[in-house]
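Thanks for coming. I will take one structure, begin at a single residue, and work outwards from there. Please have a look at it first.

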Amino acid sequence: TRRVIAKTLRNINVRMHSNHRATVPVEFNFDEMSTFPISFTTGQPDFNADLTIWTIGKVKPNSAFLPCEMVDKNGFVRVDRNLRVLDSKQLLGFHRNVFCVGDVAATNKQRDSARNGGHKVVAHNIDAYLSGRSEKSMKRYTGPREEYRWGSILGVQDNGLWVFFANGLSLRFPRWYTIRVILPINKDIFIYGGVRTQTDSPEEPKSKSNVLETNLISQTESPQKISKFSINST
């Protein structure tokens, strides 16, 4: 997979710096793009870019508004196997009516509940709580095994959607099929399938596909041309 993707990038004139490990600036929070030179711990000379987008995975959750007893030392929300928020100051050890799912939930090292059906666990458990059913009826979030590997996706490009599996095999979907079939099905069924429309107001949308919609705003003025551009990942 790595060789195929590297060749694809080189064919579109993307310059790659393999076997480089960038020095992490101590007081830089990686929450914005930078223009300062990049130095490397692996001995290569510094690299100057007009603009650098850092994607090294140093994540700080936006959880400062939560009570300190709800989060761990890294700021992620402490949860139990039912994705219910833990609280060291509570007599029972958790908030009975507060659940958490997604990247901020400290489920495991990968915090992967957002992409492994954690929303279904939370929806079931909230329904069980509101219905007065016993805690034994609640579902547990397990997630994949720790050594599980995800594949990679390139797209949607002019030549379609390119999917790479963890075993190195790949599959390409035509662009028209991706836009007209794959994306609508994923949005309406797998992503927004549990969202119900508001039928009590004539101003609310009737179609499920219109309940949640992302508006993409294009920049009307061309930005200043960038001669060098780096996307840094360690």
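Start at Gly132, just after α2, where phi is positive, at about 80°. Before going on, a word on the source: this is a predicted model, with local features needing pLDDT of at least 70 and side-chain atom pairs counting only at pLDDT 80 or more, while totals for chains, interfaces and linings use all residues. Residues are numbered from 1 along each chain as its sequence is written, and side-chain values use heavy atoms, with hydrogens and water left out.

Now the helix itself. Helices here are DSSP runs of H or I, at least four residues, and strands are runs of E, at least two, numbered from the N terminus. Helix α2 covers residues 118-130, and its end C-alpha atoms are 18 Å apart, which agrees with the 18 Å expected for 13 residues at 1.5 Å a residue; that expectation is 1.5 Å times one less than the number of residues.

Which residues of α2 are buried? They are Gly118, Val121, Val122, Asn125 and Ala128, where buried means under 20% relative accessible area and exposed over 50%, with a 1.4 Å probe and protein chains only. Seen down the axis of α2, the buried residues fall within an arc of 130°, so they line one face of the helix; the arc is taken from the directions from the helix axis to the C-beta atoms. On the face turned away from that buried side, α2 carries the exposed residues Lys120 and Leu130.

Finally, the whole chain. The protein chain has 3 helices and 9 strands, in the order α-β-β-β-β-β-α-β-β-β-α-β from the N terminus. Of its 234 residues, 23% count as buried.
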